[in-house]
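Biologist: I would like to learn how to read a structure feature by feature. Could we start with empty space and then go through the helices and the backbone?

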Amino acid sequence: MLTVAVLISGTGSNLRALLDAAADPGFPARIIVIGADREADGLFHAEAFGIPSFVVPWDAFESREAWGAELDAQLKVWQPDLVVLSGLMRLLPQTLVAEWAPNIINTHPAYLPAFPGAHGVRDALAAGATQTGASVIVVDDGVDSGPILAQEHVAVHPGDTETSLHERIKPVERRLLIDVIRRIAGGELVLSARAGSTRPDSH
Ligand code: GAR
């Protein structure tokens, strides 16, 4: 059974979908802990599912490195096989990435490499894109630049707002994330830090 730590910053709707999937006894992964960089609303889901949680408050540290060292220490208490960033809105320090790579994955609301960063949905709209998407990637030292594990296009509709588009992307993210975790747990998908090797469009 693959053990998973999930890190969030926000409402945790994707986390919730993951918790629902993992509640199925047939699901080959177990969420053992949920962490956040602040008192995120999504921590409610941890409580609802009786899963331990921790907060490493971004504001309480003087540097990204110091925050990352504490996050690393918290993760090491739980020793998860896989760390999932599900809406963690912080760049991780290189030391933390090096410690957990390649067993650390991220879900992003755009069809990478287009529109990386904290505002993937807003940036796609601002660029006038007619389609964007969802991606699940391995975290590396860059900004949403790691190997792509799964991705799918989502159409931008006339009149879309950031909220309406994001709400249409999230169900796709959830499906991709759950499927990626299932495939990692089943040994069907082997994580590697080598960029590009798993990109669906590289074949
Ligand atoms: C998700 O769309 C996730 O991809 C995004 O934050 C949202 C969290 O939603 N993450 C990023 O943009 C990271 N660059 P949720 O809190 O409702 O699950």
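Modeller: Rolling a probe the size of a water molecule over the atoms shows where empty space is left. This is a predicted model, and its largest pocket holds about 910 Å³ of space.

Biologist: How many residues line the largest pocket, and which lie nearest its centre?

Modeller: The lining has 45 residues, and those nearest the centre are Gly87, Leu88, Met89, Gly117 and Ala118. Two or more lining residues come from each of the elements α1 (13-22), α4 (94-100), β5 (104-108), α5 (120-126), β6 (131-138) and α6 (162-185).

Biologist: Which element gives the largest share of that lining?

Modeller: Helix α6 does, with four residues.

Biologist: What classes of residue make up the lining of the largest pocket?

Modeller: There are 16 nonpolar, 19 polar and 10 charged residues in the lining.

Biologist: Which domains does the lining draw on?

Modeller: Domain 1 (1-100) and domain 2 (107-203) each supply at least three lining residues.

Biologist: On to helices. How far does α3 reach from its first C-alpha to its last?

Modeller: The way to read a helix is to set its span against the expected one. Helix α3, residues 64-78, has 15 residues and spans 21 Å, close to the 21 Å expected at 1.5 Å a residue.

Biologist: Which residues of α3 are buried?

Modeller: Trp67, Gly68, Leu71, Asp72 and Leu75 are the buried ones. Seen down the axis of α3, these buried residues fall within an arc of 140°, so they line one face of the helix.

Biologist: Glu65 is also in α3. Where does Glu65 stand between buried and exposed?

Modeller: Glu65 has a relative accessible area of 47%, so it counts as partly exposed; the cut-off for exposed is over 50%. Between the C-alpha atoms of Glu65 and Gln94 there are 8.3 Å in space, while 29 residues separate the two in sequence.

Biologist: What does the same reading give for α6?

Modeller: Helix α6 has 24 residues and reaches 33 Å from first C-alpha to last, close to the 34 Å expected at 1.5 Å a residue. Its buried residues include Leu165, Ile169, Lys170, Glu173, Arg183 and Ile184. Just after α6, Gly187 takes a positive phi of about 80°.

Biologist: What should I look for in phi and in the peptide bonds?

Modeller: Most residues other than glycine have a negative phi, and most peptide bonds are trans.

Biologist: Which residue other than glycine has a positive phi near 50°, then?

Modeller: That is Gln79. Gln79 sits in the loop between α3 and β4 (82-85). With 51% relative accessibility, Gln79 counts as exposed. Phe115 is not a glycine either, and has a positive phi of about 55°. The place of Phe115 is the loop between β5 and α5, and at a relative accessible area of 22% Phe115 is partly exposed.

Biologist: Where is a peptide bond cis with omega near 0°?

Modeller: The bond from Ala101 to Pro102 is cis with that omega. Pro102 is in the loop between α4 and β5. The bond from Leu112 to Pro113 is also cis, with omega near 10°, and Pro113 belongs to the loop between β5 and α5.

Biologist: Ile104 is in strand β5. Is Ile104 buried or exposed?

Modeller: Buried: Ile104 has 1% relative accessibility, and the cut-off for buried is under 20%. Ile104 and Pro171 lie 67 residues apart in sequence and 21 Å apart in space, C-alpha to C-alpha.

Biologist: How are sequence separation and distance in space read for Val156 and Ala124?

Modeller: Count residues along the chain, then take the distance between C-alpha atoms. For Val156 and Ala124 these are 32 residues and 8.7 Å. Val156 is in the loop between β7 (148-155) and α6, and is buried at 15% relative accessibility.

Biologist: And what are the values for Glu152 and Val136?

Modeller: Those two are 16 residues apart in sequence and 9.5 Å apart in space, C-alpha to C-alpha. Glu152 lies in strand β7 and counts as partly exposed at 27% relative accessibility.

Conventions. Residues numbered from 1 in each chain as written. Predicted model: local features only at pLDDT ≥ 70, side-chain atom pairs only at ≥ 80, totals over all residues. Heavy atoms only, no water. 1 Å grid on protein atoms, 1.4 Å probe; cavity = no way out; pocket = protein on both sides within 12 Å on 5 of 7 lines; lining within 4 Å. Points joined across faces, edges and corners; volume = space filled by probe spheres on them. Nonpolar A, V, L, I, M, F, W, Y, C, P; charged D, E, K, R; others polar. Domains from an automatic or database assignment. Expected span 1.5 Å × (residues − 1). Buried < 20%, exposed > 50% of the residue type's maximum accessible area, 1.4 Å probe, protein only. Arc of directions from axis to C-beta.
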